[in-house]
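This report describes one protein model, starting with the whole chain and then turning to selected residues and helices. Keep the structure in view while reading.

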Amino acid sequence: MEASEAAPAVATAAVMEAEDVSGGKGSWYVLGERALMVPYMREHVPRYHDWMQDPALLEATASEPLSLSQEFEVHRSWTLDPLKHTFILLDKELIEGEFVPGNPHTEAMVGDVNIYMNDSDDMQIAEIEIMIAEHKSRGKGIGQEAILLMMAFAVEKYGIHTFRAKISESNTASLKLFRKLGFKDASYSAVFKEVTLEAPTDSLPLRFPLTIGDW
């Protein structure tokens, strides 16, 4: 079977496995030293919506402002799409009490991290995005750890062999971070003022095994 045929089957199986949790891919969490990656739940949507009222975050993520009801629709679309996987990032220092799988822990939300299998020529290439929305949790290494966790998760669960990041040329912090991790400039869009970077998985400092738990 060709790689482009295999990836959707794996992704669809992941959706079917977790169909009863938040309507889609909600069956896992990933534990790091500073960050926790948990499924994007309906309980997270209002705070996520508040973040996306910030013009700076809208520009950094190339997003349009949405109403809260539209944000709930986007949430449903993301959780049901077999070619996307989204985690909400929790700052472990902000969790009240003990971490409990299944608890959205909205008090500790600081951002999100996503992958998209959107290359029709090879569905095992994944575009990766990250956003740290809470200023108090920036500069703590959470973003770098979350990127590495997400990529290792994508390799383990989806068989991804190459990662791609599309970053605005004005987002110098993100460009610096991805280049530090081993991504190389692949192309530049003068229209969108955007740099595309790529890295094969075998060139990345990924660590295994991951601490993955059932949600």
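Of the 215 residues of the protein, 48% count as buried. The model is a predicted one, and every value below is computed from it. The accessible surface of the protein comes to about 10500 Å², and carbon and sulfur atoms hold 52% of that area. The chain forms six helices and nine strands. Among contacts with a separation of 6 or more, 66% are between residues 24 or more positions apart.

**Two glutamates in loops**

E107 sits in the loop that runs between β3 (84-91) and β4 (109-116). Its relative accessibility is 26%, so E107 counts as partly exposed, a class that lies between 20% and 50%. Leaving aside residues up to four places away in sequence, E107 touches R47, L94, I95 and E96. The C-alpha atom of E107 is 8.5 Å from that of L90, a residue 17 places away along the chain.

E134 belongs to another part of the chain, the loop between β5 (125-132) and α5 (142-158). Is E134 buried or exposed? With a relative accessible area of 15%, E134 is buried, because the limit for that class is under 20%. With residues up to four places away in sequence again set aside, E134 touches R47, W51, M109 and V110. R47 thus appears in the list for E107 and in the list for E134.

The side chains of both glutamates make polar contacts, as the table shows.

| Side chain | Partner | Distance |
|---|---|---|
| E107 | backbone nitrogen of E96 | 3.0 Å |
| E107 | side chain of H105 | 3.0 Å |
| E134 | side chain of R47 | 3.0 Å |
| E134 | side chain of K136 | 3.1 Å |

**Aromatic pairs**

The structure holds eleven aromatic pairs. One of them joins Y29 and F99, whose ring centres are 5.0 Å apart. The planes of these two rings meet at 70°, so the pair is edge-to-face, the term for angles over 60 degrees. Y29 lies in strand β1 (residues 28-31) and F99 in the loop between β3 and β4, so the pair ties together parts that are 70 residues apart in sequence. Y29 counts as buried at 16% relative accessibility, whereas F99 is partly exposed at 23%.

Another pair consists of F87 and F153: the ring centres are 5.0 Å apart and the planes stand at 80°, so this pair is also edge-to-face. Which parts of the chain does the pair of F87 and F153 tie together? F87 lies in strand β3 and F153 in helix α5, so the pair links parts that are 66 residues apart in sequence. Both F87 and F153 are buried. They belong to one aromatic cluster with W28 and Y158.

**Helix α5**

The helix that carries F153 has 17 residues. From its first C-alpha to its last, α5 reaches 23 Å, close to the 24 Å expected at 1.5 Å a residue. Of its 17 residues, 13 are buried, so α5 is largely enclosed by the rest of the structure. Just after α5 comes G159, which takes a positive phi of about 70°.

**Helix α6**

Helix α6 covers residues 172-181, and its buried residues are S174, L175, L177, F178 and L181. Seen down the axis of α6, these buried residues fall within an arc of 165°, so they line one face of the helix. A general rule helps in reading this pattern: an α-helix has 3.6 residues a turn, so residues three or four places apart point the same way.

What covers the buried residues of α6? The cover includes β5, α5, β6 (162-168) and β8 (194-200). Helix α5 is therefore both largely enclosed by the rest of the structure and part of the cover over the buried residues of α6. On the other side of α6, T172, A173, K176 and K180 are exposed. G182 follows α6, and its phi is positive, near 115°.

Conventions:
Residues numbered from 1 in each chain as written. Heavy atoms only, no water. Helix = DSSP H or I, 4+ residues; strand = E, 2+ residues; numbered from the N terminus. Buried < 20%, exposed > 50% of the residue type's maximum accessible area, 1.4 Å probe, protein only. Contact = heavy atoms within 4.5 Å. Areas by Shrake-Rupley, 256 points an atom, 1.4 Å probe, with all protein chains shown as cover. Polar contact = N/O pair within 3.5 Å; in protein donor to acceptor, adjacent residues only side chain to side chain. Phe/Tyr/Trp six-rings, centres within 6.5 Å; stacked < 30°, edge-to-face > 60°. Expected span 1.5 Å × (residues − 1). Arc of directions from axis to C-beta.
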